[in-house]
Amino acid sequence: MIPGGKPQVIVLGASLGGLSAIPVILGALPRDFRSPVVIVQHRAILSDDAGLVEALQRGCALMVREVEDKDRLAAGRVYLAPADYHLLIEGDHLTLSTEARVLHARPSIDVLFDSAAESHGDRVVAVILTGASRDGVVGAQKVKARGGIVVVQDPAGAECRVMPSAAIAGVTVDRVLPLDQIGPYLLRCSLATIR
């Protein structure tokens, strides 16, 4: 929880290497985790969506599901952007869009982060993981501008350093953490106000 007792929204973006990194974070979150977790993972248009959900569900105590348009955000749920759709947060709902690609990506991390910042302001915790593009930097700047928290995976341990390094260079981040410390940090964020 953060000031005002309102639940936080965790938004997480990954690209190259994310399929190995995301399960480490999800595996650290307990069944009673209080915040929704919304994920954009760059992937091929024809990727096996069911297989990805199953892979993320293994070792995760929270329910993982691929987003359908107008899904309602719920505490302790993990929402995954479908291939070839932007994912946006609008209040307590998730919406899908086929607008133009951003930095060659759809879904775009920037689009998710920007919509979360607009909708939830200082209740957003944005996490940027391993990846091979600058996607997420502009969105993370908007999260910071609205008073949210930005966490970045330490590039030294990332499968691909480009994305986390770009975030560190382009945003005043709150935490740069090794992968195995991000989940515990998100748990602390959900329990108390920390910076």
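**Exercise 1. Identify the residues that Arg-65 joins in a network of salt bridges, and describe the Asp-71 contact with its burial.**

Solution. Arg-65, Glu-68 and Asp-71 are linked to one another in a network of salt bridges, in a model that is predicted rather than determined by experiment. Within this network, Asp-71 forms a salt bridge with Arg-65, and the closest N and O atoms of the pair are 3.2 Å apart. The next step is to place each partner on the accessibility scale, where buried means under 20% relative accessible area. Asp-71 has a relative accessibility of 13% and therefore counts as buried, whereas Arg-65, with a relative accessible area of 26%, is partly exposed. For the structure as a whole, the search finds nine salt bridges.

**Exercise 2. State how confident the prediction is, and where in the protein confidence is lowest and highest.**

Solution. The protein averages a pLDDT of 91, and 92% of the residues score at least 70. Confidence is lowest in helix 2 (residues 49–57), where the mean is 82, and highest in strand 10 (residues 175–177), which reaches 98.

**Exercise 3. Work out the strand order of the open sheet, and explain what distinguishes its edges.**

Solution. The sheet is open and consists of seven strands in the order 3-5-2-1-8-9-10, with parallel pairing. Strand 3 (63–66) and strand 10 stand at the edges and have a single partner strand each, so one side of each is left without a neighbour in the sheet. On average, and with direction ignored, neighbouring strands are turned by 20 degrees against each other. At one edge, strand 9 (residues 149–153) pairs with strand 10 in the parallel sense over three bridges, and Val-151 has Arg-175 of strand 10 as its bridge partner. Helix 6 (residues 179–191) packs on the sheet and touches strand 1, strand 8 (124–128), strand 9 and strand 10, its direction making about 160 degrees with that of strand 9. Helix 1 (residues 18–27) lies across strand 1 (9–14), strand 2 (37–41), strand 5 (77–80) and strand 9, and runs at about 170 degrees to strand 2.

**Exercise 4. Determine which residues of helix 4 are buried, and what they pack against.**

Solution. In helix 4 (residues 137–145), the buried residues are Val-137, Gly-139, Ala-140 and Val-143. Seen down the helix axis, the buried residues of helix 4 fall within an arc of 160 degrees, so they line one face of the helix. A general point helps in reading this pattern: an α-helix has 3.6 residues a turn, so residues three or four places apart point the same way. The buried residues of helix 4 pack against helix 3 (109–120), strand 8, strand 9 and helix 5 (162–170). Just after helix 4, Gly-147 takes a positive phi of about 90 degrees.

**Exercise 5. Describe the salt bridges of Asp-84 and Lys-142, and locate the partners in the chain.**

Solution. Asp-84 forms a salt bridge with Arg-101, with the closest N and O atoms 3.0 Å apart. This pair links distant parts of the chain, since Asp-84 lies in the loop between strand 5 and strand 6 (86–90) and Arg-101 in the loop between strand 7 (93–97) and helix 3, 17 residues apart. Asp-84, at 18% relative accessibility, counts as buried, while Arg-101, at 38%, counts as partly exposed. Lys-142 forms a salt bridge with Asp-114, the closest N and O atoms being 3.6 Å apart. Lys-142 belongs to helix 4 and Asp-114 to helix 3, so the pair ties together parts that are 28 residues apart in sequence. Here Lys-142 counts as partly exposed at 36% relative accessibility, and Asp-114 counts as partly exposed at 24%.

Key: Residues numbered from 1 in each chain as written. Predicted model: local features only at pLDDT ≥ 70, side-chain atom pairs only at ≥ 80, totals over all residues. Heavy atoms only, no water. pLDDT = per-residue confidence, 0-100. Helix = DSSP H or I, 4+ residues; strand = E, 2+ residues; numbered from the N terminus. Pairing = 2+ DSSP bridges. Axes fitted to C-alpha atoms, helices over the stretch in contact; angles between N-to-C directions. Contact = heavy atoms within 4.5 Å. Buried < 20%, exposed > 50% of the residue type's maximum accessible area, 1.4 Å probe, protein only. Arc of directions from axis to C-beta. Salt bridge = Lys/Arg side-chain N within 4 Å of Asp/Glu carboxyl O.
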